[in-house]
Amino acid sequence: MSNVLVFIEISSTGKISNTAPALLAAAAKLGTPVAVVATAPGAGAGLTDELGALGAARIYVGESDAVGTLLVSPQLEALSAAAAALEPAAVLVSNSVDGREVAARLAVRTRGGLIADAVDVRSDDGKIIATHSAFGGAYTVESTVEAGLPILTIRQGAIEDQASPAAPEVTTVSLAVDAHNSAVIDEVNDPVVDSERPELRGAAKVVSGGRGLGSKEKFVLVEQLADALGAAVGASRAAVDAGYVPQTSQVGQTGVTVSPQLYVALGISGAIQHRAGMQTAKTIVAINKDADAPIFDVADFGIVGDVFTVVPQLIDAIEARAN
Amino acid sequence: MKIVVLVKQVPDTEWERKLEPATGLLDRLTGENVADEINERALEVALRYKDSHKGTEVVVLSMGPASTTKALRKALSMGADSAVHILDDALAGADVGWTAEVLAAALKDSSFDLVIAGNESTDGRGGVVPAMVAEHLGLPFLGSLNSAEISEQSVSGERRGEVGTLTAHASLPAVVSVTERSAEARFANFKGIMMAKRKPLATVSLRDLGVDPAALAGTGRSVVMTASQRPARTAGKKIIDEGNAGIELAEFLVAGRLI
Ligand SMILES: Cc1cc2nc3c(=O)[nH]c(=O)nc-3n(C[C@H](O)[C@H](O)[C@H](O)COP(=O)(O)OP(=O)(O)OC[C@H]3O[C@@H](n4cnc5c(N)ncnc54)[C@H](O)[C@@H]3O)c2cc1C
């Protein structure tokens, strides 16, 4: 079977990104999954067991002192070197901020064909076919690459499979990274993750709050309901703009797209750009004071009411049931 | 300083957006076509620098169908100095790769210091064209900036990450992209709209850029095979809270095995 390269992102603290399992599972459907990582010299060995457990049949480690100082360039060099050495049938990359840039630059270098934001992949007679969910899920689109190496970015949280574990063979090479045409990292500000809450992307349940919550202090109500339901916390753009929550919580057109079993919208009007990020949820619940709010057009259960009276009562009812 | 801002015309997100079922290509005829909001923020970043640095030249560049002039005129009315529109029938069905190759060809000889783009369009959401342009030009790329600080020699800012942010810089010339957390775009005033009518808007073809359409065809391209519309959602039950809606909702969730 032909090699399928998977770009594995490593966090600033050396952890394998949570996008790795889905990418390796997708690669296993297309061929032999090869994990490609860029690390500081000597740091690759510690990743072997975990990547093997996630299904990497082979690991290609590109080592460079520039990892952590040059933005994305060492990662691009590692993937370029692997693409040159291993004659891959396809390259899979997460549709993340870094992943997209690596995929984009690799596509230009290899004159390959770039497919962005796939939600699934399959191989049909050796031809790689990607599925997309376009315009907030209003359309399902299939695409392929006409000529050249297919390079795909995969939407985070879209694929849930996991590949069977493998005992990977490791290749380590040293990378030459040209600092001249690279941006330089000055400082990394990753927050300490203190939450037990599920991550928004891929969560089975999501509770989102909008401008209707009124303040950062009162937004806590959204978190309380999320915790009672074991849900992730989301938000509208207006709530993010108002500073109630960080940008990473934004659901919608220009935020995260979610497709959970349950989506609860609190004090969100349901602008078309918000709906684009959540309307493929299995069940949608909305609570809004305004009976004409467009969110009710997509809600399976809508309550015209005040979130500050309805939600506390709901939380009490959930807790009473749990006891 | 010469700053080029990349602009894309997209269907207005305020309306239902459509794909043509036969080709899977964007239906540009129904609904309004506008300059993508994110490009207006990119332009705003450039204009703010121009406001405080006399002699700065801001050019807007777009590849797209004939109707794209509307988005470019809007950018001129906001304060850009001139516009370049790449228009060629051979570009129908161009994917991100072709688009980047053509934009790079237009930028190559334009002696710019900085290219500013939006981090991702609202229609394709690919978010890859600016980085591809940078690679074609062999320049540093600083993508997804929540804020951008421009100086004579470099550009720096806060870059969005998956969990947090980081700060980074690149020396000029460079390509950057900005997020919707960056500068809120100004409105074009009446004077700006009147002045825009006299500002230069050049239309160039692939031949003008020295791009051979046959050579483009040798580059890998992604193509749509099928596009199908999902049935629209319908509204379910809607109740007015009369004091126990929270309890009714809990019952609904229990019935659906959601709690
Ligand atoms: C290009 C573009 C991209 C965009 N991308 C996104 C995106 O990704 N995500 C997104 O969300 N938006 C996006 N938007 C913005 C979008 O158009 C809306 O402005 C935004 O979604 C509104 O957020 P909201 O519903 O919280 O605020 P509002 O529209 O102000 O709604 C607040 C709601 O709260 C209700 N309310 C107030 N108080 C209470 C109460 N006590 N109890 C119950 N209900 C109450 C009100 O009735 C109202 O319906 C985008 C816009 C553009 C132009």
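Let me start with A:Leu5, which in this predicted model stands opposite A:Val91 in strand S4 of chain A. The strand that A:Leu5 points from is S1 of chain A, covering residues 3–7, and S1(A) pairs with S4(A), residues 90–94, in the parallel sense over three bridges.

S1(A) also has a second partner to look at, namely strand S2 of chain A, residues 32–39, to which S1(A) is joined by five bridges, and these two strands run parallel as well. Within this pairing, A:Val4 stands opposite A:Pro33 in S2(A). If you follow the chain, you will find that S1(A), helix H1 of chain A, which spans residues 20–30, and S2(A) together make a right-handed β-α-β unit.

Now, which way do the side chains of S1(A) point? A:Asn3, A:Leu5 and A:Phe7 point one way, while A:Val4 and A:Val6 point the other way. In a regular strand, as a general rule, the side chains alternate between the two faces of the sheet. And are the residues of S1(A) buried or exposed? Five of the five residues in S1(A) are buried, so that the strand is described as mostly covered.

Let me finish on chain B, with a piece of the surface. Here B:Phe190, B:Ile193 and B:Met194 form a nonpolar patch, which together has about 310 Å² of accessible area. B:Met194 is found in helix H5 of chain B, residues 190–196, and B:Met194 counts as partly exposed because its relative accessibility is 35%, whereas buried would require under 20% and exposed over 50%.

Technical notes. Residues numbered from 1 in each chain as written. Chains lettered and ligands numbered in written order. Predicted model: local features only at pLDDT ≥ 70, side-chain atom pairs only at ≥ 80, totals over all residues. Heavy atoms only, no water. Buried < 20%, exposed > 50% of the residue type's maximum accessible area, 1.4 Å probe, protein only. Helix = DSSP H or I, 4+ residues; strand = E, 2+ residues; numbered from the N terminus. Pairing = 2+ DSSP bridges. Right-handed = clockwise from strand over helix to strand, strands pointing away. Patch = residues over 30% accessible without salt bridge, like charges linked within 9 Å, V, L, I, M, F, W, Y side chains within 5 Å. Areas by Shrake-Rupley, 256 points an atom, 1.4 Å probe, with all protein chains shown as cover. Salt bridge = Lys/Arg side-chain N within 4 Å of Asp/Glu carboxyl O.
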